[in-house]
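Visitor: I would like a close look at a single part of this structure, with enough of the surroundings to place it. Please take your time over the answer.

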Amino acid sequence: MLIQIDFESEEALYIQLRNQIIYGIATSQYHEGDALPSVRQLAEVIGINMHTVNKAYACLRSEGLLRLDRRRGAVIALDADKMKAISDMKNDLGVILAKGYCKGVSKEEVHSLVDEIFAQYEQ
């Protein structure tokens, strides 16, 4: 598992960890049913507090990307609720697009960015 955390970033460590796992799923580094390292193992490997890893796993679980299994620990489990995913994306993108609009980013530039980002996942 290749996780890169930027300890100098203003972004919270648990958010960075959560995002790295989401990118790993989107780029097929992690698949449905894959077990992630235990909280303790991942904390040791990355060099962060166990509570930070636990918080990242809790976020992923609440977002329908992870389930906790008594025997296997944290397991990738993709929630099939597409309508909820679209609703969540709309809420998140609303703020991002408003910020871009305020900075003069055009619709065409946004579309180009979306195409560029999706291309990373379609490989």
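How many aromatic pairs does the structure hold? And after that, could you take me closely through the helix α1 and what lies around it?

Guide: The model is a predicted one, and the count you ask for is 0 aromatic pairs in the structure. A ring does come into view in another way, however, since the charged end of Lys55 sits over the ring of Tyr14, at 4.3 Å from the centre of that ring.

To place the part you chose, the protein chain contains 5 helices and 2 strands, and along the sequence these follow the pattern α-α-α-β-β-α-α. The C-alpha trace spans about 50 × 35 × 25 Å along its principal axes, and 23% of the 123 residues in the protein chain count as buried. Among contacts with a separation of 6 or more, 54% come from residues 24 or more positions apart.

Helix α1 covers residues 13–26, and Arg18 lies within it. Arg18 is a buried residue, because its relative accessible area is 18% and the limit for that class is under 20%. Its side chain makes a polar contact with the side chain of Asn19, at 2.5 Å. Once neighbours within four places in sequence are set aside, Arg18 is in contact with Ala56, Cys59, Leu60 and Glu63.

Beyond the helix, Ser28 has its place in the loop between α1 and α2, the latter being residues 39–46. In contrast to the buried Arg18, Ser28 is partly exposed, with a relative accessible area of 43%. The backbone at Ser28 also deserves a look, for its phi is positive, near 65 degrees, in a residue other than glycine. Most residues other than glycine have a negative phi.

A positive phi is also found further along the chain, at Gly104, where the value is near 85 degrees and the residue follows α4. Helix α4 itself runs over residues 82–102, and its 21 residues, taken at 1.5 Å a residue, should span 30 Å, which agrees with the 30 Å that separates its end C-alpha atoms. Within α4 there is nevertheless a kink of about 25 degrees, centred on Leu93.

How values were computed:
Residues are numbered from 1 along each chain as its sequence is written. This is a predicted model: local features need pLDDT of at least 70, side-chain atom pairs count only at pLDDT 80 or more; totals for chains, interfaces and linings use all residues. Side-chain values use heavy atoms; hydrogens and water are left out. Helices (H or I, at least four residues) and strands (E, at least two) are DSSP runs, numbered from the N terminus. The expected span of a helix is 1.5 Å times one less than its number of residues. The bend at a residue is the angle between axes fitted to the seven residues ending there and the seven starting there. Rings of Phe, Tyr and Trp (its six-membered ring) pair if their centres lie within 6.5 Å; planes under 30 degrees apart count as stacked, over 60 as edge-to-face and the rest as tilted. A charge sits over a ring if NZ of Lys or CZ of Arg is within 6 Å of the ring centre and within 35 degrees of the ring normal. Buried means under 20% relative accessible area, exposed over 50%, partly exposed in between (1.4 Å probe, protein chains only). A polar contact is a pair of N or O atoms within 3.5 Å; within protein, one must be able to donate a hydrogen and the other to accept it, and residues adjacent in sequence count only if both atoms are side-chain atoms. Contact means heavy atoms within 4.5 Å.
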